[in-house]
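Open the model in your viewer and keep the sequence panel beside it. This tour says what to select at each stop and what is there.

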Amino acid sequence: MNYEEFKLLYEISEIDYENVRKLGVRIAPAINDFIDRLYAYMREALGYEFDVHFPDEASLARAQSLSRRAWLEFLEAKWDDAYVKSRVRIGEVHAQLQIQPRHYLATMNKSLELWSHFAHTMAPDQSDLSKLIESMWRVGQMEGALVVDVYSQRTGEIISQQSRALTDMSTPITAIWDGILMLPVVGIVDSRRAQDIMQRMLEQIAEKRAIVFILDISGVAVVDTAVANHLIRMTKAARLMGSYTIVSGLSPSVAQTIVELGIEVGDMKTTGNLQDALKIAFDRAGVEQKIGAK
Amino acid sequence: MAQSEARVILQRVEGVLIVPLPDPMHDAFLDELRPSVLEYMRDHPISGLILDLSGVEALDEHDFERLRRVADGVTLMGAPVVLAGMKPGVAAGLVLLDVNDSWVIPSLSVEAAMERLR
């Protein structure tokens with residue numbers, strides 16, 4: 001990702017960093033006081049979630065030392081790779097610990113408030129104090145956006161991982177013989193699922209060099225025109241790759257629906273039960289290896 | 001560059017002609033493919049042609065139609081044409097484009113196609 005974009009979005013220039021650095025020199029000595037107050041605020045505001053995230057003294061101490069380091073870095077105000085990396089890391093940690101973005105942002109807000117307070121009490125004589133504080137707020141808010149951005153990215157990755165796992169579970173393709181793959185399809189086949197099935201099916205055909213692919217649909221709840229078309233597409237695509245598809249497990253009612261709807265199944269090979277499909281498959285797997293030129 | 005793009009590689013193995021197709025597929029190659037193969041067939045007997053698609057990541061209906069014409073020409077001269085090693089993405093794409101694939105004799109790999117044609 002282009003983190004430079006954040007600087008543009010928050011209209012942050014080198015002057016702002018300079019301002020934060022100027023202010024940082026004056027208020028950084030209050031870091032311990034800052035951490036104490038910040039965590040007191042969090043304990044109050046987060047309620048039981050505070051105990052969830054920091055179940056014992058050790059984890060609390062660790063979090064505090066990380067916060068201390070992060071804030072000292074912030075007050076040094078250097079926009080470089082190391083800084084960006086450490087902010088990305090903060091986002092990742094928050095995603096891992098499932099800390100809510102609203103809690104993170106509220107804490108960020110409180111932190112900036114605390115630093116503003118320290119600025120007023122510790123550096124009242126500083127020239128342009130309000131400008132420096134304004135720069136600090138903007139840099140701080142940009143940092144918040146950056147961390148939340150990484151957070152949502154990581155969360156998205158976790159979700160897509162889970163959905164991939166779910167897809168794998170719902171398409172249990174098994175090699176039942178040399179060159180013969182089988183997939184029992186269970187449940188409802190919508191176009192999203194059909195796409196998943198087709199993709200996995202074709203990948204497996206390529207990987208396992210499947211001569212025959214048996215698609216058992218005895219567990220499919222409804223076979224209508226749309227489902228039949230999906231099946232036909234899968235069969236065609238598999239054929240183009242050099243694999244022969246048998247759709248098995250057509251129940252009498254499914255066969256009737258197909259006839260009544262006038263669905264053109266074309267070259268698609270279908271059988272009523274798995275046994276017939278297996279016979280054809282064994283035949284083909286055997287024949288395929290011996291057959292001469294067409 | 002244009003010269004090398006258009007180059008058609010003809011490999012004859014045990015009487016079978018194998019032509020690897022480039023990725024990306026380009027018109028210069030397709031222009032060259034049919035005459036090259038047909039002229040080769042005039043001078044050398046072959047028992048079949050294998051179009052090796054294992055390196056091809058994308059194929060549109062236009063390319064596919066041109067491959068069909070190559071296959072038609074070769075078939076007219078008396079040799080079967082096998083499309084070998086089509087990738088999952090290519091197969092799925094062609095089916096979505098609803099191309100006419102009735103002419104295709106497919107094969108999982110060049111090796112499997114050799115078994116059939118030898």
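Start with one side chain. Select Arg164(A): it has 11 C-beta neighbours inside 10 Å, so it counts as exposed. The cut-offs: buried means 20 or more other C-beta atoms within 10 Å of the residue's own, exposed means 12 or fewer, partly exposed is in between, and C-beta atoms are placed from the backbone. Arg164(A) is found in helix α8 (residues 129-170) of chain A. Add Asp196(A): the two are 32 residues apart in sequence, and 9.6 Å apart in space, C-alpha to C-alpha.

A note on the model: it is predicted, so local features need pLDDT of at least 70 and side-chain atom pairs count only at pLDDT 80 or more, while totals for chains, interfaces and linings use all residues. Residues are numbered from 1 along each chain as its sequence is written, with chains lettered from A and ligands numbered from 1 in the order in which they are written.

**Stop: the sheet of chain A**

Show chain A as a cartoon. Its open sheet has 5 strands in the order β1-β2-β3-β4-β5, with mixed pairing. Helices (H or I, at least four residues) and strands (E, at least two) are DSSP runs, numbered from the N terminus. Two strands pair if DSSP finds at least two bridges between them. Select β1 (174-177) and β5 (269-270) of chain A: these are the edges, each with a single partner strand, so one side of each has no neighbour in the sheet.

At one edge, β1(A) and β2(A) run antiparallel, joined by 3 bridges. Ala175(A) stands opposite Leu181(A) in β2(A). The hairpin has 2 residues between the strands, and Gly179(A) takes a positive phi near 80° there.

At the other edge, 2 bridges join β4(A) (residues 244-248) to β5(A), and these strands run parallel. Pick Ile246(A): its bridge partner in β5(A) is Lys269(A).

Now add the helices. α9 (residues 191-208) of chain A lies across β1, β2 and β3 of chain A, at about 165° to β2(A). α10 (residues 225-240) of chain A lies across β3 and β4 of chain A, at about 155° to β4(A). Angles run from 0 to 180 degrees between N-to-C directions, and axes are lines fitted to C-alpha atoms, for helices over the stretch in contact.

**Stop: where the chains meet**

Which elements give two or more residues to the side of chain A that touches chain B? First, the count: the contact takes 19 residues from chain A and 22 residues from chain B. Contact means C-beta atoms, placed from the backbone, within 7 Å. The elements are α9 and α10 of chain A.

**Stop: the core**

The largest nonpolar core has 73 residues; Leu202(A), Ala237(A), Met241(A), Ile50(B) and Ala91(B) touch the most other members. Such a core is a set of buried Ala, Val, Leu, Ile, Met, Phe, Trp, Tyr and Cys residues joined through C-beta atoms within 7 Å. The largest share, 7 residues, comes from α10(A). Centre on Ala91(B): beyond its neighbours within four places in sequence, Ala91(B) contacts Leu202(A), Ala237(A), Leu240(A), Met241(A) and Met86(B).

**Stop: chain B**

Chain B has 5 helices and 5 strands. Select α2 (residues 27-43) and α3 (residues 61-76) of chain B: their axes come within 10 Å and cross at roughly 10°. The pair is therefore roughly parallel (under 35 degrees). Residues in this contact include Leu30(B) and Val37(B) of α2(B), with Val70(B) and Val74(B) of α3(B).

Notes
Contact = placed C-beta atoms within 7 Å. Parallel < 35°, antiparallel > 145°, perpendicular 65-115°, else oblique.
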